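Got your viewer open? Let's take a walk through this one, a selection at a time.

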Protein chains: 2
Amino acid sequence: MDIATRVWNHKWKIDPIVRSLIDTDFYKLLMCQSVFRNHRDTNVTFSLINRSSEVPLAKLIDEGELREQLDHIRSLSLTRGESTWLRGNTFYGKRQMFRPDFMKWFETLQLPAYHLERVGDQYELTFEGKWPEVMLWEIPALAVLMELRGRAVLHDMGKFELQVLYARAATKLWEKVEHLRQVPDLKIADFGTRRRHSFLWQDWCVQAMLEGLGKNFTGTSNCLIAKNRDLEAIGTNAHELPMVYAALAKDDAALAQAPYDVLADWHEEHSGNLRMILPDTYGTDGFLKHAPDWLAGWTGIRIDSGDPAAGAETAIRWWQDRGEDPTKKLVIFSDGLDEQKIVELYHQFTGRVRVSFGWGTLLTNDFRGLVPNDALAPFSLVCKAVSANGNPTVKLSDNPNKAMGPAEEIARYKRVFGVGEQVAQKVVV
Amino acid sequence: MDIATRVWNHKWKIDPIVRSLIDTDFYKLLMCQSVFRNHRDTNVTFSLINRSSEVPLAKLIDEGELREQLDHIRSLSLTRGESTWLRGNTFYGKRQMFRPDFMKWFETLQLPAYHLERVGDQYELTFEGKWPEVMLWEIPALAVLMELRGRAVLHDMGKFELQVLYARAATKLWEKVEHLRQVPDLKIADFGTRRRHSFLWQDWCVQAMLEGLGKNFTGTSNCLIAKNRDLEAIGTNAHELPMVYAALAKDDAALAQAPYDVLADWHEEHSGNLRMILPDTYGTDGFLKHAPDWLAGWTGIRIDSGDPAAGAETAIRWWQDRGEDPTKKLVIFSDGLDEQKIVELYHQFTGRVRVSFGWGTLLTNDFRGLVPNDALAPFSLVCKAVSANGNPTVKLSDNPNKAMGPAEEIARYKRVFGVGEQVAQKVVV
């Protein structure tokens, strides 16, 4: 490192964790554009939820440091180079994915205020405001909390102890890469931004995947890394769309229709590999059963909760019932994957459908077993839309352990969407 | 790295492996000063000997590259800072360890010519000249060959593959350090210069030992690293002294006396912890049996061949026979150690003698099992004085696998020194 760089680094009051508004998942920007077009005045509240209550975030992380990091994110705006990349780059084979009116809005955006309060050993962290603005808090807020927790654990370690810690983590990842490179024609992308160990570590993981897997590594969900490393930015849409659409529904009939309204809007905007169904928000079985026929013409399905093999089998039966050829369809697995499961699912479904993987936390944050008390193991932290225009949101998913929302609303949604017994799956990350 | 440093690096025609005349073992300089005083006009030939004939050095290492590295070493001379350090630093608690006449000579020294020839898959590399000059070739020549062999193996590896290789090696070393830090009052030094993986790697290992073991890490044999890292430079004397003294002996009576002549000269020059007996050149048993009484007053013994526990027991019995208290004596183990053996010997002898360790190749070059065909495993390469004033040298040691010299001379030495049956030990490094 040269002297000037070092001096420049000393000028930071803090060591910022998130240094760019595009250090976020690509699908956030796609969804943001869609929301900006269709629901820009909807008021939404996002809230941090630590599903791993055994991790006492407020004891580990200093409130002042957390505020500094969040304040720093609020000071960020899109740089000229970032704007040029979003405007000029090709995404999913398409030029001008981001429309001029959206870009003009995004170029002047600063993230809205946050509300932070310590409650017991946890933090209450919420973001209230216009949907297209607050939704952009989710990924950086999670990344900040994960990294501050890591920094707290690493704080007292020696220089060489730290080097060896990273050496061990690197070796662990590389052993997974060596396993995955045995698999011919694997298609796998990095989905690990939100619960990464740190930005630099995610960047390292992405480069290791690229060297180890070559063209089988299809890209990263992280826009900043995609830009810096000249990779494909990957991602389509998430549960927040049906959750907010559902919360805005006026009655049960509108509620039942809401998930399809989301995809109708999406259908208008996107084609090809961006037409991916995320069917599990209110139960995959009911969603597919009542889906309109045009949805069976979409490119594929992303399996993000429940038993992944069972989800893929359900999708295959559904395509067959609707007269579609499953071997032409894409199935993206993205829930709690590790390399063993990836290899297993690959062999189970290759030939029957086109298989792809979005590998998240256990790619970018597998420090399990590397420090005493497993204090660096990733944990289940999420940041979700919890209300829209004053109505609470609900998520059911295919795993009751991932359900969220007020109990009476959960009961109503289960009734409206005809969700029966569900198999509980352990939520690792 | 700043731009200027990078440009400066590009100016090198080669990437030099040895960049300093004091990138060598401390005991070489101590012995060199002794030789400079007592035998400066003796003609000695040093020769490279690859005891691991399965490693085809001439196939792995390009002759032109080897010559460039050796030529670069011949271009080196002592820098002002190095000279200041040797003249001004305290070694083994003593100021002005290196006398002004020796320093004056050393400051103008350049290493003499080398003779290199490819014979089959091996190199013949010899150094002929005045003893105090040629003896300084041993360590850099070995380091160059070890590192060029490593570079040949690493040449086609990718950037991240290399990072993970070093990550694995670092983890491997750190696990040894974690094991050794369990041992209270361990005394251990780095003796790993000659067969190190590379200079940078040795430097890393030394720093890791320092962080991991604190004051239990007593220093390094490498003068350059000791200087740069402000550590103790460690080492006393080696087999080359008795080997050359013995080769110069006029008859069998003088030969039998030669090993003691070495130590008599040493006794005049050095005191305290530098008075370490290296008893195994022509068999430890006979050496101790016939040793003069003043030698029992020396500080300790270094065990460098044969079964180390047996060697230590022999020393303890000898001290007891001579009326010395073994618990006041220092035993330094330095032959083919790894951390398991270190812990075992520590527990076996602590309390009975003062125990210390000189840890060599498996500290600074344990890349075993990290690449296919174990192509980075350290191997047994030495560079020895093979003749003095035209007479061949002989080494017997306590391990017949380490014996060297012409067969008829070995037979003569065995007769003169009364060496009987010896137990063969596998030579790892």
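Start by selecting chain A and chain B together: about 1,700 Å² is buried between them, and carbon and sulfur atoms give 59% of that area. Keep in mind that you're looking at a predicted model.

Now show Phe160(A), Arg168(A) and Glu211(A) as sticks. This trio supplies 35% of the area that chain A buries against chain B, more than any other three residues.

**The contact set**

Next, pick the residues on either side that touch the partner. You should get 19 residues of chain A in contact with 19 residues of chain B.

How are the two chains related? Superpose chain A on chain B: a rotation of 180° with 0.1 Å of shift along its axis does the job, with an RMSD of 0.0 Å. That's the relation of a two-fold axis. Both copies use the same surface, too, since 100% of the contact residues of chain A recur in chain B.

**Polar business across the interface**

Stay at the interface and switch on your polar contacts. There are 10 residue pairs in polar contact between chain A and chain B, counting pairs with both residues at pLDDT 80 or more. As for salt bridges, the rule finds 4 across this interface.

For a close-up, select Arg168(A) again, one of the three residues from the buried-area trio, along with Glu178(B). These two form a salt bridge, and their closest N and O atoms are 3.1 Å apart.

**The helices behind it**

Switch to cartoon and colour helix H9 (159-180) and helix H10 (199-213) of chain A. They are the elements that give two or more residues to the side of chain A that touches chain B. Which of them gives the most? H9(A) does, with 12 residues.

Then recolour that side of chain A by residue class. You'll find 8 nonpolar, 4 polar and 7 charged residues.

**Zooming out to the annotated domains**

Last stop: chain A by its UniProt annotations. Select residues 22-145, which an unreviewed UniProt entry annotates as "domain: Nicotinate phosphoribosyltransferase N-terminal". This stretch is 47% helix and 18% strand, and its end C-alpha atoms sit 18 Å apart.

Now move on to residues 187-420 of chain A. The unreviewed UniProt annotation here reads "domain: Nicotinate/nicotinamide phosphoribosyltransferase". Over residues 187-420 the chain is 41% helix and 14% strand, with 34 Å between the end C-alpha atoms.

Methods. Residues numbered from 1 in each chain as written. Chains lettered and ligands numbered in written order. Predicted model: local features only at pLDDT ≥ 70, side-chain atom pairs only at ≥ 80, totals over all residues. Heavy atoms only, no water. Least-squares fit on C-alpha atoms with pLDDT ≥ 70 in both. Contact = heavy atoms within 4.5 Å. Buried area = accessible area lost by both parts, 1.4 Å probe. Salt bridge = Lys/Arg side-chain N within 4 Å of Asp/Glu carboxyl O. Polar contact = N/O pair within 3.5 Å; in protein donor to acceptor, adjacent residues only side chain to side chain. Helix = DSSP H or I, 4+ residues; strand = E, 2+ residues; numbered from the N terminus. Nonpolar A, V, L, I, M, F, W, Y, C, P; charged D, E, K, R; others polar. UniProt positions renumbered as here; feature names shortened; annotations may be inferred.
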